[in-house]
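Biologist: I'd like to learn how to read a few packing features in a protein model. Can you walk me through them?

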Amino acid sequence: MTSIDVVAPPRAVLAWSRAMIDAPLKAAFAALPDETREVVEYHRSDFSTAALALLAADAVGDAIPAIRVATAVELAHQHEQLHADLMTRALSRGHQPSAWVEFGDDRAVSAADALISLAFAQLTRPEVMILNAALLSVVDGYVQEAEMDERDDVDIAEYLGVAAAKHSALTACACELGALAAGAVRSQAVHLREFGDDVGLARKHVDDVLAIWGGAPVSGRPLYDDLAHRRRTLPVVAAINAGTDVYATDAEPRELALRVERAGGRKWCEQQAELLLARALNHLRQAGPRARAAEDLSGLAREITTARFAPARTPAPAVPSQSTAASREDRTPS
């Protein structure tokens, strides 16, 4: 059985992934009007979505055929991020002002629309159908979330369903498209899709915890930010379901954070992220991946999820060996 317990060097993997899609991204951006290109080049991404597609391909075959779909899902992810920042009025992204703050709503919307058009242009018709289904899931998640915000009877299962719709669909899609591009059999593609689905939801649990307790150095957002805006995120909903009416009074955000933590909301999210990561890694094992790609995928999955909770307790990423670095360079287009 393939071992996937070694934490790979995720930063090296992300740099490799960015290099793999750099040329097609630049070519796509070059077709945009100057004002739109300025916005999309300003917007920052960690390229983890592209990395998932490329590594899923690498796990079952060769990453090179997946460059096209990796470019597409990265463009789609950036499109979704621009819209998410607009809808939530998030002031920052990637430790800099959000695109709508820097350029205004109209230019941010235009840039997001351009990105999704560029994404679809990269794909075949069957691939378009898979990506379109993922994006419709994201939209449906936002619609359901808006409806739930008007209700007081929503249980945690409903919130988890919405969180999955919004935050797992694209990561699942990236893994599936990457695997199919590399010639995966159906069972491999299904397991890698489930891997991406679980990683996306685990990441959402981590993001929601860090949006309260992380602070600017970690999340790029102020301490207790979601509580200051009285958002019902996963830690808050977990606390409410445990019997604590978090927003019953006009308490300061710091006091609200204490309520959520005392009710077990923070701990529950941390435990769920660990369980989801374990389930994701089990799907990865069942896909029968090649050893090195499995290590890379498991390392990336940990880095973007549970490793962000407590970096001091997480083994430091290993420095890639010369042979590994050389093999990555061999597969990076010039």
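**Reading rings and helices**

Modeller: Sure. Keep in mind that this is a predicted model. Let's begin with a buried ring: F103 has 16% relative accessibility, so F103 counts as buried, the cut-off being under 20%.

Biologist: Okay. How many aromatic pairs does a search of the whole structure find?

Modeller: Just one. Y42 and F103 make an edge-to-face pair, with 5.1 Å from centre to centre and 85 degrees between the planes. Planes over 60 degrees apart count as edge-to-face, so 85 degrees fits that label.

Biologist: Which helices do Y42 and F103 lie in?

Modeller: Y42 belongs to helix 2 (residues 34-42) and F103 to helix 5 (residues 99-103), so the pair ties together parts that are 61 residues apart in sequence.

Biologist: And is Y42 buried or exposed?

Modeller: Y42 counts as buried, at 18% relative accessibility.

Biologist: What sits over the ring of W100?

Modeller: That's the charged end of R89, 3.9 Å from the ring's centre.

Biologist: Now helices. How do I describe two that pack?

Modeller: You give the angle between their axes and the distance between the axes. Here, the axes of helix 15 (residues 265-286) and helix 16 (residues 291-304) come within 11 Å and cross at roughly 165 degrees. Angles over 145 degrees count as roughly antiparallel, so helix 15 is roughly antiparallel to helix 16. Their crossing is right-handed.

Biologist: Which residues make the contact?

Modeller: From helix 15, L277, L281 and L284; from helix 16, A294, L297, S298, A301 and R302.

Key:
Residues are numbered from 1 along each chain as its sequence is written. This is a predicted model: local features need pLDDT of at least 70, side-chain atom pairs count only at pLDDT 80 or more; totals for chains, interfaces and linings use all residues. Side-chain values use heavy atoms; hydrogens and water are left out. Rings of Phe, Tyr and Trp (its six-membered ring) pair if their centres lie within 6.5 Å; planes under 30 degrees apart count as stacked, over 60 as edge-to-face and the rest as tilted. Helices (H or I, at least four residues) and strands (E, at least two) are DSSP runs, numbered from the N terminus. Buried means under 20% relative accessible area, exposed over 50%, partly exposed in between (1.4 Å probe, protein chains only). A charge sits over a ring if NZ of Lys or CZ of Arg is within 6 Å of the ring centre and within 35 degrees of the ring normal. Axes are lines fitted to C-alpha atoms, for helices over the stretch in contact, and angles run from 0 to 180 degrees between N-to-C directions. Angles under 35 degrees count as roughly parallel, over 145 as roughly antiparallel, 65 to 115 as roughly perpendicular and the rest as oblique. A crossing is left-handed if the near helix is turned anticlockwise from the far one by less than a right angle, and right-handed if clockwise. Contact means heavy atoms within 4.5 Å.
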